[in-house]
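Colleague: Could you take a close look at the second largest pocket for me? I'd like to know what lines it and what surrounds it.

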Amino acid sequence: MSFKQAICIRGGKQLEGEITVQGAKNSALPILAAALLCKTQVTLYNCPRLTDCDAAMRILTTLGCNCRREGNCVTINPSVITGTAIPAALMREMRSSVIFSGALIGREKACRLSLPGGCEIGARPIDFHLAAFRKMGTEITDEHGYLDCRTNKLCGAVIRLPLASVGATENIMLAAVLADGVTEIHNAAREPEIVDLARFLTKCGAKISGAGSGLVVIEGVKELYGCDYSIMPDRIAAATYLCCGAITRGEIMLSKADIRSAEPFLSVLEQMGCSVYSFGEDSVYMNARKKLKAPSVIRTAVHPGFPTDAQPVLMALCSAVQGTTIFVETIFENRYRHACELARLGAKINVEGRVAVVEGTERLSGAELMATDLRGGAAMVVAGLFADGTTKIGNAGYIYRGYEDIEAHLKGVGADIKTV
Ligand code: EPZ
């Protein structure tokens with residue numbers, strides 16, 4: 001699968017059927033990093049087959065771990081760590097590799113990483129991560145774009161995050177679980193993936209309380225031991241497939257979903273006129289055969305607000321639903337790059353800074369597009385399923401970073417889609 005491949009869709013098919021939701025990318029990545037903290041083997045189930053997870057496994061291998069994948073099961077043997085430098089090429093390929101720094105500082109009291117550049121959706125600084133590491137006793141020197149982190153003794157500290165940053169909360173947890181003493185993270189992010197990470201670490205012997213709330217408290221322990229763990233379902237992949245069903249006015253049943261974590265999104269689909277029913281803990285059925293209406297205002301926010309990662313795919317849906325939707329993107333400063341690509345299909349979207357106004361239209365027509373980033377690319381798939389004729393989405397590699405078997409899943413519910 002090469003980055004430059006393209007996804008071709010012939011729009012207009014109503015999607016009907018069942019999709020099994022993949023494991024969560026944004027839970028698998030911090031948990032793969034957390035495996036570094038363990039003395040013995042870690043076995044992860046429901047670990048999605050994604051290029052981002054491949055990159056994380058290459059980092060673990062570079063650091064001396066023995067990693068193996070069989071389908072969705074990944075085993076990591078972290079008993080011997082032979083290095084503390086995160087390869088610059090992998091930092092560039094996947095900026096969220098910064099999550100390995102907390103685990104390396106926690107386990108080896110050292111880490112060398114290149115500054116993760118900004119990315120397609122914003123500057124994405126890591127100042128909160130570094131300030132916390134310094135407060136815990138880490139010396140960090142910056143030479144020619146490389147950060148050298150080192151400490152003789154990592155101590156627990158009281159950390160107050162200026163923003164409820166997901167990555168900073170996770171990185172501090174990874175550094176704190178083996179530190180001396182207690183670490184408090186105030187204004188911690190509350191995303192479900194943080195709860196999943198805390199559950200994994202606790203199963204390995206960590207002492208963590210408050211994950212999922214604004215105050216996470218970690219009491220350092222001496223050692224952590226590997227365990228078997230199943231990654232939670234991906235709430236953004238779930239939202240994406242429901243948008244695919246809704247824009248084609250079809251019916252989708254999602255299995256192995258995590259309904260609670262998808263609530264902020266499911267309530268918007270209901271507001272738009274979709275029928276949404278949940279069965280047990282992990283199945284949700286959505287029917288969009290009725291006339292849908294625009295949700296008027298969508299403001300992204302930290303959990304339990306509307307997730308920023310679902311903003312692009314919802315924007316694609318709203319571009320094909322009667323009425324006007326105002327999006328306010330409060331998390332990232334440059335997360336509307338997909339808007340001008342959607343406009344090539346005929347979508348009517350006006351962007352002004354953090355605000356985007358979408359005027360729903362009856363028709364979209366196929367065109368050649370280029371994916372701008374992971375969720376922007378997914379938005380183009382959603383819109384292409386509705387547009388008349390053929391939509392070709394280049395740089396499909398962005399999409400494969402976060403969506404396991406997306407072509408097979410959509411083909412399975414009736415889409416005319418292929419990778420070229
Ligand atoms: C995580 O990114 C996710 N990535 C993102 O998903 C998601 O959009 C984001 O959280 C918000 O939910 C992973 O989990 C791998 P943040 P992260 O730190 O941790 C600012 C996807 O599509 N900030 O919560 O990088 C930052 O600039 C990806 O799957 C600082 O200023 O997000 C942003 O404006 C995209 N200084 C805001 O906080 C810092 O030190 C939220 O960022 C850290 C963050």
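Modeller: By class, the lining of that second largest pocket splits into six nonpolar, four polar and six charged residues. Bear in mind that this is a predicted model. The pocket's volume comes out at about 360 Å³. It has 16 lining residues, and P192, R199, D258, R260 and S261 are the ones closest to its centre. Three elements give two or more residues each to the lining: α7 (192-203), β13 (228-230) and α9 (259-271). The largest share belongs to α7, which supplies four residues.

Now for where the pocket sits. The domain assignment splits the protein into domain 1, made of 7-21 + 233-419, and domain 2, which is 25-230. Both domains give residues to the lining of the second largest pocket, so the pocket lies between them.

That makes the contact between the two domains worth a look. Their C-alpha centres are 30 Å apart, and the contact takes 23 residues from domain 1 and 22 residues from domain 2. Together the domains bury about 1,800 Å² between them, with 46% of that area on carbon and sulfur atoms. On the domain 1 side, the residues that lose the most area to domain 2 are H303, R401 and E404, and together they make up 34% of what that side buries. Between domain 1 and domain 2 the count is four salt bridges. As for R401, it forms a salt bridge with D52, where the closest N and O atoms are 2.9 Å apart.

H303 turns up again in the backbone geometry: the peptide bond from H303 to P304 is cis, with omega near 10°. P304 itself is in the loop between β17 (297-299) and α10 (311-318). If you're checking the backbone anyway, look at N187 too, which is not a glycine but has a positive phi, near 60°. N187 is in the loop between β10 (182-186) and α7, and α7 is the helix that gives the pocket lining its largest share.

Over on α9, there is a second empty space to consider. Rolling a probe the size of a water molecule over the atoms is what shows where such space is left. The structure holds one cavity of 30 Å³ or more, and the volume of this largest cavity is about 30 Å³. Its lining is made up of R235, I236, A239, S261, A262, P264, F265 and P307. You'll recognise S261, which is also among the residues closest to the centre of the second largest pocket. Here α8 (235-247) and α9 each supply at least two lining residues, and α9 gives the most, with four residues. By class, this cavity lining has six nonpolar residues, one polar and one charged; for the pocket, the classes are six nonpolar, four polar and six charged.

Back to charges for a moment, this time over the whole structure. The total comes to 15 salt bridges. One of them joins the side chains of E93 and R58, at 2.8 Å from N to O. This pair links distant parts of the chain, with E93 in helix α3 (residues 88-93) and R58 in helix α2 (residues 51-62), 35 residues apart.

One last arginine, in case you want a reference point elsewhere in the model. R150 is in strand β8 (residues 146-150). Setting aside its neighbours within four places in sequence, R150 is in contact with K109, A110, G137, T138 and E139. From R150 to E329 the separation is 179 residues in sequence and 37 Å in space, taken C-alpha to C-alpha.

So, back to your request: the pocket lies between domain 1 and domain 2, because both give residues to its lining. For a first view, I'd centre on P192, R199, D258, R260 and S261, the lining residues closest to the pocket centre.

Notes:
Residues are numbered from 1 along each chain as its sequence is written. This is a predicted model: local features need pLDDT of at least 70, side-chain atom pairs count only at pLDDT 80 or more; totals for chains, interfaces and linings use all residues. Side-chain values use heavy atoms; hydrogens and water are left out. On a 1 Å grid over the protein atoms alone, a cavity is a set of points where a 1.4 Å probe fits but cannot get out, and a pocket is an open set with protein on both sides within 12 Å along at least five of seven lines; lining residues have an atom within 4 Å of a point. Grid points are joined across faces, edges and corners, and a volume is the space filled by probe spheres set on the points. Ala, Val, Leu, Ile, Met, Phe, Trp, Tyr, Cys and Pro count as nonpolar, Asp, Glu, Lys and Arg as charged, and the others, Gly among them, as polar. Domain bounds come from an automatic or database domain assignment. Contact means heavy atoms within 4.5 Å. Buried area is the accessible area (1.4 Å probe) that two parts lose on being put together, summed over both.
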